[in-house]
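Trainee: Please take one part of this model and go through it closely. I would like the local picture to come before the surrounding framework.

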Amino acid sequence: MRGRAILGKKVLVFADIGIDDIIALIYGYLNDDIDIVGIVTEYGNIPRENALATVRYLNEQVLITDESTQAVLIAGAENPMISETVEFVPEIHGEYGMGPIVPENPEDGFTLENFFSIVDLID
C-alpha cells in the first residue's frame with residue numbers, strides 16, 4: 001500500500017473483478033508480505049466500468065482506512081483487441097462482481113491513472 005514503508009513484495013493486480021479477485025485483493029491488503037501498488041481493472045467477468053466501481057467501493061468501504069494507502073487504480077482493457085462484442089454473465093459474479101451487492105453511486109468520480117503510469121509503479 002502506498003504512503004507507508006512496506007517490506008512486502010510489490011504486486012500490480014490485473015483483474016476482471018469477480019468474487020475470486022475480490023477475495024485475493026482483501027487477502028493482499030491484509031497480508032503484510034504483500035504490497036498492492038496498483039489495480040488494473042479490465043473486462044471479463046463484468047464490464048470494465050463496473051470493475052472500476054467495485055474496486056473504488058472496496059477501497060472506500062472495506063480495504064482502506066487512510067487515503068494515503070490506496071493503491072493506484074488504472075482502467076485497463078474495455079474489450080478484446082479483435083473488437084468482438086463481449087457477453088457478460090452477471091448471474092455468476094453479479095453485476096459488479098460482488099454477488100448481489102451494488103456499490104452506492106457507482107458512476108461517481110473514478111480516480112483513474114494513466115495506463116502508462118504502470119511503468120512508474122513497477123520501477
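Mentor: Arg48 lies in helix α2, which covers residues 48-63. The model is a predicted one, and the values below are computed from it. With a relative accessibility of 17%, Arg48 counts as buried, because buried means under 20%.

The contacts of Arg48, leaving aside residues up to four places away in sequence, are Thr41, Glu42, Tyr43, Ala75, Gly76, Ala77 and Glu78. Among them, Thr41 belongs to strand β2, residues 34-41, and Ala75 belongs to β3, residues 72-75. A further pairing of positions involves Asn79: its C-alpha atom is 8.4 Å from that of Arg48, with the two positions 31 residues apart along the chain.

The charged partners come next. The structure holds two salt bridges. One joins the side chains of Arg48 and Glu49, at 3.5 Å from N to O. The other joins the side chains of Arg48 and Glu78, at 3.7 Å from N to O. Glu78 sits in the loop between β3 and α3 (90-93) while Arg48 sits in helix α2, so this pair ties together parts that are 30 residues apart in sequence. Arg48, Glu49 and Glu78 are thus linked in a network of salt bridges. The burial of the participants can be set side by side: Arg48 is buried at 17%, Glu49 is partly exposed at 34%, and Glu78 is partly exposed at 43%.

Now the sheet that supplies some of those contacts. It is an open sheet of three strands in the order β1-β2-β3, with parallel pairing. Its edge strands are β1 and β3, each of which pairs on one side only. Neighbouring strands are turned by 25° against each other on average, with direction ignored. In general, strands of a sheet pair through backbone hydrogen bonds, in a parallel or an antiparallel sense. Here β2 and β3 pair in the parallel sense over four bridges, and Gly38 has Val72 in β3 as its bridge partner.

Helix α1 lies across β1 and β2 and runs at about 150° to β2. The 12 residues of α1 should span 16 Å at 1.5 Å a residue, and the end C-alpha atoms are 17 Å apart, which agrees. The buried residues of α1 are Asp21, Ile22, Leu25, Gly28 and Tyr29. These residues cover an arc of only 125° around the axis, which puts them on the same side of α1. The face turned away from that buried side carries the exposed residues Ile23, Tyr27 and Leu30.

One backbone detail remains, ahead of that helix. Ile17 is located in the loop between β1 (9-15) and α1 (19-30). The phi of Ile17 is near 50°, which is positive although the residue is not glycine. Most residues other than glycine have a negative phi. Ile17 also counts as buried, because its relative accessibility is 0%.

Definitions and conventions. Residues numbered from 1 in each chain as written. Predicted model: local features only at pLDDT ≥ 70, side-chain atom pairs only at ≥ 80, totals over all residues. Heavy atoms only, no water. Helix = DSSP H or I, 4+ residues; strand = E, 2+ residues; numbered from the N terminus. Buried < 20%, exposed > 50% of the residue type's maximum accessible area, 1.4 Å probe, protein only. Pairing = 2+ DSSP bridges. Axes fitted to C-alpha atoms, helices over the stretch in contact; angles between N-to-C directions. Contact = heavy atoms within 4.5 Å. Expected span 1.5 Å × (residues − 1). Arc of directions from axis to C-beta. Salt bridge = Lys/Arg side-chain N within 4 Å of Asp/Glu carboxyl O.
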